[in-house]
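Reader: I should be grateful for a close look at one part of this protein, set out as a connected account.

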Amino acid sequence: MTMSNSTPHQPLHVVVAGGGVAGLEAVMALRDLAGERVSITLLEPAASFVYRPLTVGEPFALGPARATSLTQFARDFDCELVHDTVTEVVPELHTLALQSGEELSYDKLVVTLGARREPAFEHATTFRGQEDVEALHGLVQDVEEGYVRRIAFVVPAGVSWSLPLYELALMTARRAYEMCVDVELTFVTPEERVLPLFGSRASADVQAMLEKAGVRVRTGFVPEIPRKGTVLLHPSGDWIEADRVVALPVVRGRRIAGLPCDSDGFLPIDSFARVASVKDVYAAGDGANFPVKQGGIACQQADVVAAHIAREAGIPVEVEPFRAVLRGQLLTGDKPHFMRRDLRAQGAENDASTEHMLWWPPTKVAGKYLAAYIAVEEEREHAAVAGPGAKRRAIIAPSVAAEHETPLRGYEFVAR
């Protein structure tokens with residue numbers, strides 16, 4: 001593998017374009033693995049990182065999703081934060097054109113811009129995350145007050161990550177039960193069975209949860225919503241009448257001038273998350289063409305990118321190709337349910353589905369670095385371990401790694 005001429009006095013300049021899950025994981029992994037051999041610029045127009053997976057709880061008044069200050073994050077991990085975004089990449093010159101009109105040069109570029117989430121149906125309430133919390137909260141209130149009696153939860157064709165809609169269905173059922181309200185809930189999905197990505201064991205467990213909660217499941221049907229309140233099922237031609245329909249969005253890539261993309265706008269990557277046919281450009285997260293769009297997968301891709309760049313910077317680190325291990329925490333309104341599956345494994349002997357924690361800390365996004373950072377940030381706030389005048393020090397060390405036995409370590413709060 002070609003080594004860079006980078007020295008401690010002339011570090012590689014790495015630009016991470018996008019401050020979502022993959023972007024933050026990439027910054028932390030780079031700082032851990034490459035240290036002072038890299039200088040890092042994080043491009044992100046927003047002021048905060050919002051922990052999107054927890055937005056499913058907001059309509060049920062379970063508290064707002066965590067928002068982390070990117071200014072503080074940049075201080076913690078010694079990177080420059082630029083509130084801007086990429087509009088064009090010029091690979092031959094190793095430069096970026098930014099939305100502000102400025103230009104930025106790079107030695108290595110990591111694209112973590114995520115994807116666009118668009119409504120699949122005109123006559124449905126789409127849940128994309130924080131921007132749709134109010135609409136879903138209104139629906140939950142209507143359920144509580146008895147105004148809504150029939151709800152259909154619909155997974156559009158082409159959506160690979162359906163877990164959030166299962167969460168919404170289960171939490172709606174739980175809230176109706178708590179309020180002693182009779183609501184007819186139906187779940188429609190093109191998937192051949194419930195949550196097939198996690199394997200047969202998890203599928204059977206979640207199917208049982210839905211049945212116990214009184215949610216009717218229709219699998220293997222491609223839904224169409226021709227008018228308000230009607231879900232047409234293909235290929236059978238059956239239909240479902242509902243007072244309200246809740247659907248997931250379809251996901252589209254963010255096309256970036258100067259970079260290749262597939263027909264849906266996603267960046268084509270290889271097993272080391274390098275963008276095809278473009279030198280020194282990587283991609284991780286929902287904007288890459290890996291079919292499963294999930295936070296833990298995004299973190300695994302970012303870790304591979306960081307290791308590859310660290311080696312390019314002269315660090316003798318071992319670089320393994322990306323191997324997707326899916327870890328999912330299903331929120332139910334009662335106890336969370338944990339699932340794990342190696343997507344490349346041939347058998348199901350290592351699949352897991354249980355109420356017990358399968359990784360530590362038990363965060364929604366099981367990122368090697370991000371999980372520890374989020375967990376300790378929460379601990380810091382809740383326990384107020386850093387009192388007035390305390391000094392924060394971030395010690396970079398992975399803490400989630402693989403499984404339940406892995407201890408939490410890596411971040412300390414040290415008083416002056």
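Which strands does helix α4 (residues 163-178) lie across, and at about what angle does α4 run to β13?

Author: The model discussed here is a predicted one. Helix α4, residues 163-178, lies across four named strands, β12, β13 (184-189), β14 and β18, and runs at about 170° to β13. The surroundings of this helix are best described by starting from the sheet.

The strands in question belong to an open sheet of 5 strands, ordered β11-β18-β12-β13-β14, in which the pairing is parallel. At its edges stand β11 (125-126) and β14 (215-219), each of which pairs on one side only. Within the sheet, β12 (residues 150-154) pairs with β18 (residues 244-247) in the parallel sense, over 4 bridges. In this pair, A152 is placed opposite V245 of β18. As a general matter, the strands of a sheet pair through backbone hydrogen bonds, in either the parallel or the antiparallel sense.

F153 gives a view of the contacts at the level of single residues. Leaving aside residues up to four places away in sequence, F153 touches L165, L168, A169, T172, L185, T186, F187, V188 and V246. F153 is also one of the residues with the most contacts inside the largest nonpolar core, which has 113 residues; the others so placed are L96, L109, I151, F187, I309 and L370. The element that gives the most to this core is helix α6 (residues 295-312), with 10 residues. Apart from this core lies another, of 13 residues, among them A152, V188, A242 and A247.

Two further helices belong to the picture. The first to consider is α3 (residues 133-144). Its 12 residues should span 16 Å at 1.5 Å a residue, and the end C-alpha atoms are indeed 16 Å apart, in agreement with that expectation. The buried residues of α3 are V133, L136, L139, V140 and V143. Seen down the axis of α3, these residues fall within an arc of 125°, and therefore they line one face of the helix. The cover over the buried residues of α3 includes β11, β12, α4 and β18. Just after α3, G146 adopts a positive phi of about 80°.

Helix α5 (residues 199-213) may be read in a similar way. For its 15 residues, 1.5 Å a residue leads to an expected span of 21 Å, and the end C-alpha atoms lie 21 Å apart, which agrees. Buried residues in α5 are G199, A202, S203, V206 and L210. Viewed down the axis of α5, its buried residues fall within an arc of 100°, so they line one face of the helix. The face turned away from this buried side carries E211 and K212, which are exposed. The buried residues of α5 pack against α4, β14, β21 (325-330), β22 (337-342) and β23 (352-354). Helix α4 is thus named among the packing partners of α5, and also within the cover of the buried residues of α3. Just after α5, G214 takes a positive phi of about 85°.

Some backbone features elsewhere in the chain also deserve attention. Most residues other than glycine have a negative phi, and most peptide bonds are trans. H94, although it is not a glycine, has a positive phi of about 55°; H94 is found in the loop between β6 (86-90) and β7 (95-98). D280, likewise not a glycine, has a positive phi of about 65°. The loop between β19 and β20 holds D280, which counts as buried because its relative accessibility is 15%, and the cut-off for buried is under 20%. The peptide bond from H234 to P235 is cis, with omega near 10°, and P235 is placed in the loop between β16 (230-234) and β17 (239-241). A cis peptide bond also joins W360 to P361, with omega near -5°; the place of P361 is in the loop between β23 and α7 (370-383).

As for the chain as a whole, its secondary structure comes to 7 helices and 25 strands. Of its 416 residues, 53% count as buried. Among contacts between residues at least 6 apart in sequence, 66% join residues at least 24 apart.

Definitions and conventions. Residues numbered from 1 in each chain as written. Predicted model: local features only at pLDDT ≥ 70, side-chain atom pairs only at ≥ 80, totals over all residues. Heavy atoms only, no water. Pairing = 2+ DSSP bridges. Helix = DSSP H or I, 4+ residues; strand = E, 2+ residues; numbered from the N terminus. Contact = heavy atoms within 4.5 Å. Axes fitted to C-alpha atoms, helices over the stretch in contact; angles between N-to-C directions. Expected span 1.5 Å × (residues − 1). Buried < 20%, exposed > 50% of the residue type's maximum accessible area, 1.4 Å probe, protein only. Arc of directions from axis to C-beta. Core = buried A, V, L, I, M, F, W, Y, C linked by side-chain atoms within 4.5 Å.
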